[in-house]
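Thanks for sharing this one. Here are a few points to read with the structure open beside you.

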Amino acid sequence: MAEQSEGTTPKTESHDPDFPEAFLQFMRDGWRDDALSVTPRPESPNYAKRRAALSEAFAGETLIIPSGSEKVRANDTDYPFRPGSDFVYLTGDSDPGSVLVMRPSGSGHDAVLYSHQRSSKETDEFFRSRDGELWVGRRHTLAEKSTELGLETAPWAELGGALADSAPARTRVLRGHDANVDRAILAYEPDPRQRRDRALAGVISELKLIKDEWEISQLQEAVDATVRGFEDVARILPADRGVKERLLEGVFGLRARTDGNDVGYGSIVGAGAHATILHWVRNTGVTKPGELLLMDMGVEGRTFYTADVTRTLPVSGAFTPLQRQVYDIVHASQQAGMDAIRPGVKFKEVHLTCMRVLAEGLHDLGLLPVSVEEAMTEESTVYRRWTLHGFGHMLGIDVHDCSAARKENYRDGELGEGYVLTVEPGLYFQPEDELVPDELRGIGIRIEDDVLVTADGYRNLSAGLPRSSDEVEAWLAAQREAGPRLPE
């Protein structure tokens, strides 16, 4: 592949041919340049409202939000590009190298999106550059992008001047996405934590806590595709022999690429004892009849909103009595957490509700070394040996959404109408844990759903997948009877 340099003749790699002048001249003529028919996106007013809210929070200051740059995978090949979530949240754009600059004006801020020009047929870039349109396809002109997004655009080549005019004392940068932008606007404070810039990230995260109707619809689409992906996997999961975890990962990945943008995060497919490894993403194991299969997977939709769902299935089709007992404890914990959700309830209260049910279940299993009451105290929490993680997290355009929000507005805060969060308690008994009986070792169970906080309670966006042990068995049997299918 050729290497692109903005505004210059593209460089070449050592394996690229040296084109003779006759060929270059021949390639420059005889091309039709078709215009794209673009219309404003229906959701573009949503992005404008978000920029207005951000403007109000930082009156009189310049705000710089990059999309991020492509990352090298190896040599001259890149990872698939995924734009920064906060940038997408404010613009709807998804191109690498773009930068949103919001400059203060009398009425708030003027927003300009600096973006790379398309590699048109006016220069050799269109056929010689790795980003040329003969290589990657037709891209939007700046005018087309402006029409579609409802946002003023400017050439990327003018970004340097815009950054040079930004006084560090009155400028905040969303850092860590574009090294060139970070270098151009040095941190105003010597504090390495860069409080001013962290405040920008924090405000954006807190704006993202409440999802509007369009965002909820995007999350529902991602969840619905995820439900179909779980069905796809169940339909090819044999009850009487083992299959590779990566086969199941790939089947779900096919659904994610067909019905969405991609998977929202690395799929966790844990067969048997691998289910006890919280972030098992190597997926190198094999299922085994009689054991459990934990799958934590989510489709990322085309607008980058993602689902995050976990189900634990009995490979043979039916839980053993002990597996069912543990599963029912986790299900009861999850249901108790969901039942506690409503506006005004503290995030921690949902956590403690779920954890108490788990602690009571561990007591019934004879595992707690102390009483449930003592285990639930802040000085103890010994029950967490077999749970480790909290009950859930915010969900949205990131799988762990709103992560820069202040603690008092997230983990120590109250839930509000329009919040979307996961509820995902689990119990995990490690194979090498000598404090549990042999028959429990290697059992890992998590149930995770995506929940919208409504005015009077909650709505389970992922209710399309069953949760109780009886329902899971019936669903798995129905999927196997239906047989394999290809995404349309």
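1. Let me begin in a loop. N75 sits in the loop that joins β2 (72-74) to β3 (77-78). Please keep in mind throughout that this is a predicted model. The phi angle of N75 is near 55°, which is a positive value in a residue other than glycine. N75 has a relative accessibility of 72%, and because the cut-off for exposed is over 50%, N75 counts as exposed.

2. A second asparagine deserves a look alongside that one. N283 is found in the loop between β9 (268-271) and β10 (292-297). Its phi is near 50°, again a positive value in a residue other than glycine. Is N283 buried or exposed? With a relative accessible area of 0%, N283 is buried, whereas N75 is exposed.

3. Next, a tyrosine in another loop. Y79 belongs to the loop between β3 and α3 (85-91). At 44% relative accessibility, Y79 falls between the cut-offs of 20% and 50%, so Y79 counts as partly exposed. Setting aside neighbours within four places in sequence, the contacts of Y79 are K71, V72 and R73.

4. On to the interior. The largest nonpolar core has 100 residues, and those touching the most other members are L54, I65, M394, L415, L427 and F429. Helix α10 (residues 213-236) supplies the largest share of this core, with 10 residues. Another core lies apart from it and has 12 residues, including V99, Y114, A154 and L163.

5. M394 is a good place to click if you want to explore that larger set of contacts. Which residues does M394 contact, leaving aside neighbours within four places in sequence? They are L209, F347, V399, H400, D401, C402, Y410, L415, Y419, V420 and L421. One of these, L415, is also among the core residues that touch the most other members.

6. Now for a helix pair. The axes of helix α2 (residues 44-57) and helix α9 (residues 195-207) come within 11 Å and cross at roughly 135°. That angle makes α2 oblique to α9, and the crossing is right-handed. On the α2 side the contact is formed by R50, A53, L54 and A57, and on the α9 side by L200, V203, I204 and L207. By residue type, this contact divides into 7 nonpolar, no polar and 1 charged. You may recognise L54 from the list of core residues touching the most other members.

7. A second pair involves α10. Helix α11 (residues 245-259) packs against α10 at an angle of about 145°, and the two axes are 9 Å apart. This crossing, too, is right-handed. From α10 come A225, T226, R228, G229, F230, D232, V233 and I236, and from α11 come L247, L248, V251, F252, R255 and D259. The residues of this contact split into 8 nonpolar, 2 polar and 4 charged.

8. One last residue while we are on α10. Q218 lies in that helix. Its relative accessible area is 11%; since buried means under 20%, Q218 is buried. Not counting residues up to four places away in sequence, Q218 touches T303 and Y305.

Conventions
Residues are numbered from 1 along each chain as its sequence is written. This is a predicted model: local features need pLDDT of at least 70, side-chain atom pairs count only at pLDDT 80 or more; totals for chains, interfaces and linings use all residues. Side-chain values use heavy atoms; hydrogens and water are left out. A nonpolar core is a set of buried Ala, Val, Leu, Ile, Met, Phe, Trp, Tyr and Cys residues joined through side-chain atoms within 4.5 Å. Buried means under 20% relative accessible area, exposed over 50%, partly exposed in between (1.4 Å probe, protein chains only). Helices (H or I, at least four residues) and strands (E, at least two) are DSSP runs, numbered from the N terminus. Contact means heavy atoms within 4.5 Å. Axes are lines fitted to C-alpha atoms, for helices over the stretch in contact, and angles run from 0 to 180 degrees between N-to-C directions. Angles under 35 degrees count as roughly parallel, over 145 as roughly antiparallel, 65 to 115 as roughly perpendicular and the rest as oblique. A crossing is left-handed if the near helix is turned anticlockwise from the far one by less than a right angle, and right-handed if clockwise. Ala, Val, Leu, Ile, Met, Phe, Trp, Tyr, Cys and Pro count as nonpolar, Asp, Glu, Lys and Arg as charged, and the others, Gly among them, as polar.
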